[in-house]
Amino acid sequence: MIESNRVQKILYGGDYNPEQWPEETWAEDMRLLKLAHIDVVTLNVFSWASLQSDDDVYHFDKLDKIMNLVRENGMKVCLATATGAHPAWMARKYPDILRTEFNGMKRKFGSRHNSCPNSPTYYKFAKALATKLAERYKDYDNVVAWHISNEYGGECYCENCEKKFREWLKEKYQTIDALNQAWDTAFWGHTFYDFDDIVAPNMLSEHFEYNRTTFQGISLDYKRFNSESILNCFRLEYDVIHAITPDIPITTNLMGTYQPLDYQMWAKYMDFISWDNYPSYNAMLEDTALRHDLMRGLKQGKPFALMEQTPSVTNWHPYNALKRPGVMRLWSYQAVAHGADTVMFFQMKRSIGACEKYHGAVIDHAGHENTRVFREITELGAELDKIGSLTLGARTNSKAAIVFDWDNWWATDYSAGPSVNLHYCDEIFNYYKVFNNLNIPVDFISVEDDLSQYDLVIAPILYMIKPDYDEKIRTFVKAGGRFVTTFFSGYVDEHDLVTVGGYPGKLRDILGIWVEEEDALPEDAANSFTYNGKKYPAKLICDLLHTEGAKALCSYEQDFYAGMPTLTCNSFGNGKAYYVATRSNAEFYRSFIGEICKEIGIRPIINTPDSVEVTKRTNANGTFLFFLNHDSESHNITLNCDGIDILSDTTYKTGDILLLAAKDVVILQVK
Ligand code: GLA
Ligand code: ZN
């Protein structure tokens, strides 16, 4: 949440780029934005070129005017630092600022998010610009947040980065022998005698595809190094801004399930999380919900900001279908339901040129308020005014958690075998979907987070066990927790080196099993098993395992390993640890996880059809239930509590029917 005494309601607004338009048009923009109940604008996102024309030549007059205009019109500002795209003159004069791609191609000036994260030029000028902006606008009492750069991402493989990578490795491993061991360089005669022997792992060296490397150790370390390098760019600006305006919270807009950056590490250096949500027209509601929950988990459940979404269409999906009537509202509240304290858009006004001219906006090319999109935005704005501060800061209290870990994601992506169809996020999704469909709150946690507040912890594909993580799980289960993990877990240490003695390595005693072999099935093949009298498919990976203390709950029905367990349960201390040896279908996950929840008293908020999501947030004002009907049909929900609809002021009693129209949202304050 943007925790600041400058924020008294769900902020409503987003990216506004008046510098792309003649000044005479600004007053009309203000009229339209206010008409739509917009109260915050994100300014200055891509203005570096207009702010600085040479080493020491800055021009702030235009931004001054915009800042004053916005303040005079009573709007808040989310102030960006404009370092998401460097000016052309800078690239001409200092080519070290340009990135080198994965294939080794040195880029020329172009596009955006284009600066090498280890470029001395970038460091120097980004720091200078952030400092100047903070000094210049520090007394504007309508600035509610700093927005550093924009959607940080990508990678660089230039010589500067390569040099820094060597220094990073030296710092990490101290000696070349330790590095050789960690990367197992005895394989294929890779022994390094000097840190200077090491080159960046890309298409010129260890890789033969983006995710296919001959040495996981170096590639994994480069992922970590690149994520940290880019994070250092954020921290560089953070530090100077924070020193000048310590009371204004600082963020950068993240991108949900974005693989190249370890957002859990990033979150430690951000004052609040913000992210950009752009589901495709046919996105599954659970998929979007997963991303919201993942973003909420980055700061242990603190509310986050929805920094961007389109009011109507994007320009970059393969099919840029319109958000149907009601969908913009529904998806905005979906963010709030999962922990957002802002509803913001890209963008306030459509540009007339370049690649985003057909991207949706509050003010369309038509230029007036008589559009469907403008009307929907205005109606939602009025609702958010009505909600005021009621839901701000509200938390989701979950008894169940899913472990999500960027290192595990990277290591799974890089793994040569067992199957090209094994994707970390797919397996996470299979388990997440159960909670979403059952309306059971669930948190995403990192391996650093405390487990003691949870009754159930699920760690799909816990392939890599970082130092002492097994001990954390051991303590959790011994104390009575329920732990679930899956195939392809416990295989390696933090260097991607196999823990020998039988999979799942350090988790063996907790799970009471050992895995001898794993069979990766081709796409159309399946084994089967029967759980609670129902037959389910076993797909993708079938572990061939032996119990050593655990109870087999069901077993394979075909092939030479028929009779071997597919699902086991081990009583360990006061708790239980489950191992799911294969991939099955949604019905199985629902039945299996649903049963564990029932056994330990984790109850759904309320039962609804899968297309009706219900979430719960609680703050000092009370408890709020969000009913979101994603269906194109209406649904009747029999309520299990008394409450008042905070938008219509209708009161309900337990047993009353809540009629949810297609795509409709109701927020009940529980009485
Ligand atoms: C991202 C960027 C914006 C804009 C939108 C378009 O989220 O941050 O600048 O390009 O995408 O969807
Ligand atoms: Zn570089």
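Which loop does N439 lie in? N439 lies in the loop between α14, residues 424-438, and β15, residues 442-445. I start there for its backbone. Phi of N439 is near 60°. That is a positive value, and the residue is not a glycine. Keep in mind that this is a predicted model.

Next, the cis peptide bonds. One runs from F346 to Q347, with omega near 20°. Q347 sits in the loop between β13, residues 340-345, and α12, residues 372-387. Another cis bond runs from Y503 to P504. Here omega is near -5°. P504 also has a loop position, between β17, residues 482-486, and α16, residues 508-511.

Now the ligand. F346 comes up again, as one of the residues around ligand 1. So which others are there? Going along the chain, we have R112, N150, E151, N253, D276 and Y278. Then come E308, W316, E356 and H359. F46 is on the list too.

Three of these come with distances. For E151, a polar side-chain atom lies 2.6 Å from an oxygen atom of ligand 1. For W316, a polar side-chain atom is 2.7 Å from a ligand oxygen. For N150, the figure is 2.9 Å, again from a polar side-chain atom to an oxygen of ligand 1.

On to helix packing. I have two pairs.

Take α6 and α7. Helix α6 covers residues 159-173, and helix α7 covers 176-183. Their axes are 8 Å apart, at an angle of about 95°. Angles of 65 to 115 degrees count as roughly perpendicular, so α6 is roughly perpendicular to α7. Who touches whom? From α6, it is F165, L169 and Y173. From α7, it is A178, L179, A182 and W183. The contact residues divide into seven nonpolar, no polar and no charged.

Now α3 and α5. Helix α3 is residues 61-72, and helix α5 is 120-137. The angle is about 45°, and the axes are 12 Å apart. That angle makes α3 oblique to α5. The crossing of α3 past α5 is right-handed. On the α3 side, the contact is made by L63, D64 and M67. On the α5 side, L133, R136 and Y137 take part. What is the division into nonpolar, polar and charged here? Four are nonpolar, none polar and two charged.

To recap the packing: α6 with α7 has no charged residues in its contact, while α3 with α5 has two. That's the tour. Happy to take questions.

Definitions and conventions. Residues numbered from 1 in each chain as written. Chains lettered and ligands numbered in written order. Predicted model: local features only at pLDDT ≥ 70, side-chain atom pairs only at ≥ 80, totals over all residues. Heavy atoms only, no water. Axes fitted to C-alpha atoms, helices over the stretch in contact; angles between N-to-C directions. Helix = DSSP H or I, 4+ residues; strand = E, 2+ residues; numbered from the N terminus. Parallel < 35°, antiparallel > 145°, perpendicular 65-115°, else oblique. Left-handed = near helix turned anticlockwise from the far one by under 90°. Contact = heavy atoms within 4.5 Å. Nonpolar A, V, L, I, M, F, W, Y, C, P; charged D, E, K, R; others polar. Near = heavy atom within 4 Å. Polar contact = N/O pair within 3.5 Å; in protein donor to acceptor, adjacent residues only side chain to side chain.
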